[in-house]
Amino acid sequence: MVSEITKISGRGIILAGDDIDTDRIIPARYLKAITFDGLGEGVFIDDRKALQGEHPFDQPQYQGANVLIVNRNFGCGSSREHAPQALSKWGIQALMGESFAEIFFGNCVAMGIPCVTADAATVKKVQEVVAANPQAPVTVNLETLEVQVGDYTTKVTISDGTRSTFIAGTWDACGQLVANADQVLATAGKLPYISWGGLGVS
């Protein structure tokens, strides 16, 4: 299983505003879902209904975009994993912003969604470039720590530890377990308190 993430390419979508919390990303009533399937339809649903088609996630020029450009403290509020899941189900594969709430950031990392940061002026510039040309190609490059939108390129940041987990593919805990299943079973077989007869471990 190859889980390395070095570059995300596609198009950008802008969501301006500070302190956009997880309840706005996906309302609490969606937490009753047994699976994450279908959460993409509910992403920002209350905001979208209030704006009657004028929300970026409803505007035609942003359909199919996969890089979300936000502002400060995005993903604050409750720690619901459903928030990045809803974004992912809609199609978001990477985020750029001024800052991200810590738990939201961690949930994104666990799903393989890089969240890179830049100062307010840089983020505003990227938002302006995307707004002027929503069809411009956008690339988030974790190896060079750059975001490119059309002809505009800027440096971004992400912690060294998080960056290395994406590049090495070690962000994917489940994938690591599957890839090393034989070693997991061998270790389990040495533990006196585990009995997995059906899996060849007794």
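A salt bridge here is a side-chain nitrogen of Lys or Arg within 4 Å of a carboxyl oxygen of Asp or Glu. Across the whole structure, which is a predicted model, a search finds seven salt bridges, and this tour visits some of them before turning to a pair of helices.

Begin by selecting Asp23 and Arg80, whose side chains meet in a salt bridge with an N to O distance of 3.1 Å. Asp23 lies in helix 1 (residues 22–25), while Arg80 belongs to the loop between strand 2 (67–69) and helix 4 (82–90), so the pair ties together parts that are 57 residues apart in sequence. With a surface displayed, compare the two partners: Asp23 is partly exposed, at a relative accessible area of 39%, whereas Arg80 is buried, at 14%.

Stay on helix 1 and select Arg24 next, together with Asp47; these two form a salt bridge in which the closest N and O atoms are 2.9 Å apart. Because Arg24 lies in helix 1 and Asp47 in helix 3 (residues 45–51), this pair ties together parts that are 23 residues apart in sequence. Arg24 is partly exposed, with a relative accessible area of 37%, and Asp47 counts as buried at 19% relative accessibility, the cut-off for buried being under 20%.

From Asp47, move along helix 3 to Arg48, and add Asp58 to the selection: their closest N and O atoms are 2.8 Å apart, in another salt bridge. Asp58 sits in the loop between helix 3 and strand 2, and Arg48 in helix 3 itself, so the parts tied together here are ten residues apart in sequence. Asp58 is partly exposed, with a relative accessible area of 28%, while Arg48, at 13% relative accessibility, counts as buried.

Now select Asp18, Asp19 and Arg72 as a group, since salt bridges that share partners join these residues into one network.

For the last stop, display helix 4 and helix 5 (residues 102–111), which pack at an angle of about 50° with their axes 9 Å apart. The two helices are therefore oblique to each other, and helix 4 passes helix 5 in a right-handed crossing. To see the contact itself, show the side chains of Ala83, Pro84, Gln85, Leu87 and Ser88 in helix 4, which meet Phe104, Asn107, Cys108 and Met111 in helix 5. Coloured by residue class, the residues of this contact divide into six nonpolar, three polar and no charged.

Terms used:
Residues are numbered from 1 along each chain as its sequence is written. This is a predicted model: local features need pLDDT of at least 70, side-chain atom pairs count only at pLDDT 80 or more; totals for chains, interfaces and linings use all residues. Side-chain values use heavy atoms; hydrogens and water are left out. Helices (H or I, at least four residues) and strands (E, at least two) are DSSP runs, numbered from the N terminus. Buried means under 20% relative accessible area, exposed over 50%, partly exposed in between (1.4 Å probe, protein chains only). Axes are lines fitted to C-alpha atoms, for helices over the stretch in contact, and angles run from 0 to 180 degrees between N-to-C directions. Angles under 35 degrees count as roughly parallel, over 145 as roughly antiparallel, 65 to 115 as roughly perpendicular and the rest as oblique. A crossing is left-handed if the near helix is turned anticlockwise from the far one by less than a right angle, and right-handed if clockwise. Contact means heavy atoms within 4.5 Å. Ala, Val, Leu, Ile, Met, Phe, Trp, Tyr, Cys and Pro count as nonpolar, Asp, Glu, Lys and Arg as charged, and the others, Gly among them, as polar.
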